[in-house]
Amino acid sequence: MQESQNTESFIKKPTFWLTILVFAAFNILAYNSSFTLWDEDESAYAGIALTMSKTGDYLNQDFLFSEIHKKPPLHFWLMVTTYKLFGINEWSVRFWSSIGTLGSLLLLCFYLPKRIPKEVGFLAAAILSSNFLVIALGKVGVIDGLLLFFELAALLALWKIIQDESKKHAIVFWAAISLGILLKGPPIALLTGLVCLIILVAHPNRSRIWRLMPWFGLPIALTPLCIWGYFSWQQDGGELVRQLIDWYILQRIGLGSSDEVQQTWSQPFGFHLAILMIACMPWWGFLGTTIKQSILSIKKKSPNAIFFIAWLIAAWLFYEFFSSKLPAYTIAAHPALAIAISYSVFKWYKRESDDDILVTVGTILKALFAFFFATSFILTGSLAAEEAGMSAAVTASMPYWIMAFAGAVAVFADKRGATIWIYSLLGPVLIALLLLAVVNPIIQPSRELPKEIADTIATEYPDKSIVLGLAGPTALPSIPFYLKKNGMENIIRESNKNTLIELYEAKTNTILVLDEKHFSALQASSVLDSLALTKIDTISGVSLDRLQRNNMYIIDPRR
């Protein structure tokens, strides 16, 4: 009994959650100013915001190679503000994603319903800070990090309303939905709408949902989007609005003008569940007891259990039935899983559940899985032809060796307080090690291609026009972004082979930036002899999102 009291007071100590938040802040913010922008989404969003910042036109979303990345405007508007505050750089691009992710952790710490023990919130924040996907989205300037904050705020406000707390939380609910819709459109409306529908059907406190006053709150929440849509329609005759409806709604359900989305992002049923499990890997030791406690709560028809079933159906299961799948689609399910695990951990530490065997078995399985991954890296590296391959494999295996070792220590820990420290710090420490030992020294140097192209042109050809002969997987928005960041504005896109040959033969004050395909076409043409005398800069790099190496050629026809 004494241990239970010590454990409870231990979890309540500020040092616990402050340590977690400090680690999370480091992992979310570290190197954000030095990592080259990721293609395509992050660099496309950065480019669209750059266009708005330079033109002062906050409705125009034009940027090279970014046609399919247009969105409702809030993310771009926020990015423009950070451009003005911090300059045009990677830090500014990623600022709001980082703030959204850190805000989600704070919501778990301080905005759960009053009847939920504070310890559960702190533990849930610790679990979410160990989530590889959530932290990754907080380090990339995409929409999902901030969207998670709005979705979590809306769901926690709804939970408070269902728990019979103040009606004032309805303001938070509708404000979060309004901003979430202006950020990404339908996802937050689908999430909260489906949760509310399930509550109306199955929750014992279903009548409390009317405290949200949807007949009043919903029109107000939609007003900012409608105002933006009106002015956008007036400017371009509805082209952007129609494009967003077709690409982000109709094509996702197979009713759009093409099946490109379905073909590109198609994944089997269970894909999102696999992502959920992988993302919470540091806490696998408690999955067994979490499943057991969840089943017992469902059998008892616990109101909280019903709420979480609604949450997971809307945030996870709903998306499994769509063939178009990306990991970020179900980002709102990750806090629900974190809270469910934290409940089980809290009960286990207070000895309200006798699940020692389940926790021990789960921890051993996690340690074995980490050991398997670590040895797989080593074996793969041993097959590499170059010594650098083995060095990289050994470095990449380090976090998994630590996970395996920490799992073994947790199994034999005598005190439950020691075990919670091991589990709570394991994920953040692993993420920090991945940043320090793998991503920054190994992966980042190979991703400098866009910056090298922009720096080379800025240094050697500062006064020339630029023609980008890029198409398909080499049409990277990061290239025009870094060119414009370096002050080069006269940039056009041209992928027609004959036009590129004509531009080369014209010997104008123009630089050609060509990918392998277009450079080969130029070599195969009648200009081959003169091409041999032309100055050509060859730059190589890796596009990790495309999983391929690219060779780019900078050609000055006049030299």
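**Contacts, core and spaces in a predicted model**

Q: What share of the contacts between residues at least 6 apart in sequence join residues at least 24 apart?
A: In the protein chain, 76% of the contacts between residues at least 6 apart in sequence join residues that are at least 24 apart. Please keep in mind that this is a predicted model.

Q: OK, and how many helices and strands are there in the chain?
A: The secondary structure of the protein chain comes to 25 helices and 5 strands.

Q: What percentage of the residues is buried?
A: Of the 559 residues in the protein chain, 53% are buried. As for the outside, the accessible surface comes to about 24000 Å², and 66% of that surface belongs to carbon and sulfur atoms.

Q: Which residues have the most contacts inside the largest nonpolar core?
A: Those are Leu 158, Trp 311, Ile 457 and Leu 468, in a core that has 131 residues. Helix α8, which covers residues 144-162, gives the most to this core, with 14 residues. Apart from this core lies another one, of 10 residues, and Leu 514, Phe 519, Leu 522 and Tyr 553 are among them.

Q: Back to Ile 457, what is it in contact with?
A: If you leave aside the neighbours within four places in sequence, Ile 457 is in contact with Pro 462, Ile 466, Leu 483, Met 488, Ile 511, Val 513 and Ile 554.

Q: New topic: where is Gln 163?
A: Gln 163 is in the loop between α8 and α9, the latter being residues 169-184.

Q: Is Gln 163 buried or exposed?
A: Gln 163 counts as buried because its relative accessible area is 9%, and the cut-off for buried is under 20%.

Q: What does the side chain of Gln 163 make a polar contact with?
A: The side chain of Gln 163 makes a polar contact with the side chain of Asn 304, at 2.9 Å. Not counting residues up to four places away in sequence, Gln 163 touches Pro 113, Arg 115, Ile 116 and Arg 208 as well as Asn 304.

Q: And Thr 508, where is that one placed?
A: Thr 508 is in the loop between α23 (497-506) and β3 (510-514).

Q: Why does Thr 508 count as partly exposed?
A: Thr 508 counts as partly exposed because its relative accessibility is 32%, and that class covers values between the 20% and 50% limits. Leaving aside neighbours within four places in sequence, Thr 508 is in contact with Leu 503 and Arg 558. The C-alpha atoms of Thr 508 and Pro 557 are separated by 7.3 Å, although these two residues are 49 residues apart along the chain.

Q: Let's turn to empty space: how many cavities of 30 Å³ or more are there?
A: A search of the whole structure finds 2 cavities of 30 Å³ or more, and the second largest has a volume of about 30 Å³.

Q: Which residues line the second largest cavity?
A: The lining of the second largest cavity consists of Ile 127, Leu 128, Asn 131, Cys 280, His 334, Leu 337 and Ala 338. Two elements, α6 (118-129) and α17 (333-349), give two or more residues to this lining, and the largest share, 3 residues, comes from α17.

Q: What about pockets, how much space lies in the second largest pocket?
A: About 810 Å³ of space lies in the second largest pocket.

Q: Which of its lining residues lie nearest the centre of the second largest pocket?
A: Thr 290, Ser 294, Phe 308, Leu 312 and Ala 340 lie nearest the centre, out of 27 residues that line this pocket. The elements that give two or more residues to the lining are α14 (271-279), α15 (287-299), α16 (303-320) and α17, while α15 gives the most, with 9 residues.

Key. Residues are numbered from 1 along each chain as its sequence is written. This is a predicted model: local features need pLDDT of at least 70, side-chain atom pairs count only at pLDDT 80 or more; totals for chains, interfaces and linings use all residues. Side-chain values use heavy atoms; hydrogens and water are left out. Helices (H or I, at least four residues) and strands (E, at least two) are DSSP runs, numbered from the N terminus. Buried means under 20% relative accessible area, exposed over 50%, partly exposed in between (1.4 Å probe, protein chains only). Contact means heavy atoms within 4.5 Å. Accessible areas come from the Shrake-Rupley method with a 1.4 Å probe; for residues, only the protein chains shown count as cover. A nonpolar core is a set of buried Ala, Val, Leu, Ile, Met, Phe, Trp, Tyr and Cys residues joined through side-chain atoms within 4.5 Å. A polar contact is a pair of N or O atoms within 3.5 Å; within protein, one must be able to donate a hydrogen and the other to accept it, and residues adjacent in sequence count only if both atoms are side-chain atoms. On a 1 Å grid over the protein atoms alone, a cavity is a set of points where a 1.4 Å probe fits but cannot get out, and a pocket is an open set with protein on both sides within 12 Å along at least five of seven lines; lining residues have an atom within 4 Å of a point. Grid points are joined across faces, edges and corners, and a volume is the space filled by probe spheres set on the points.
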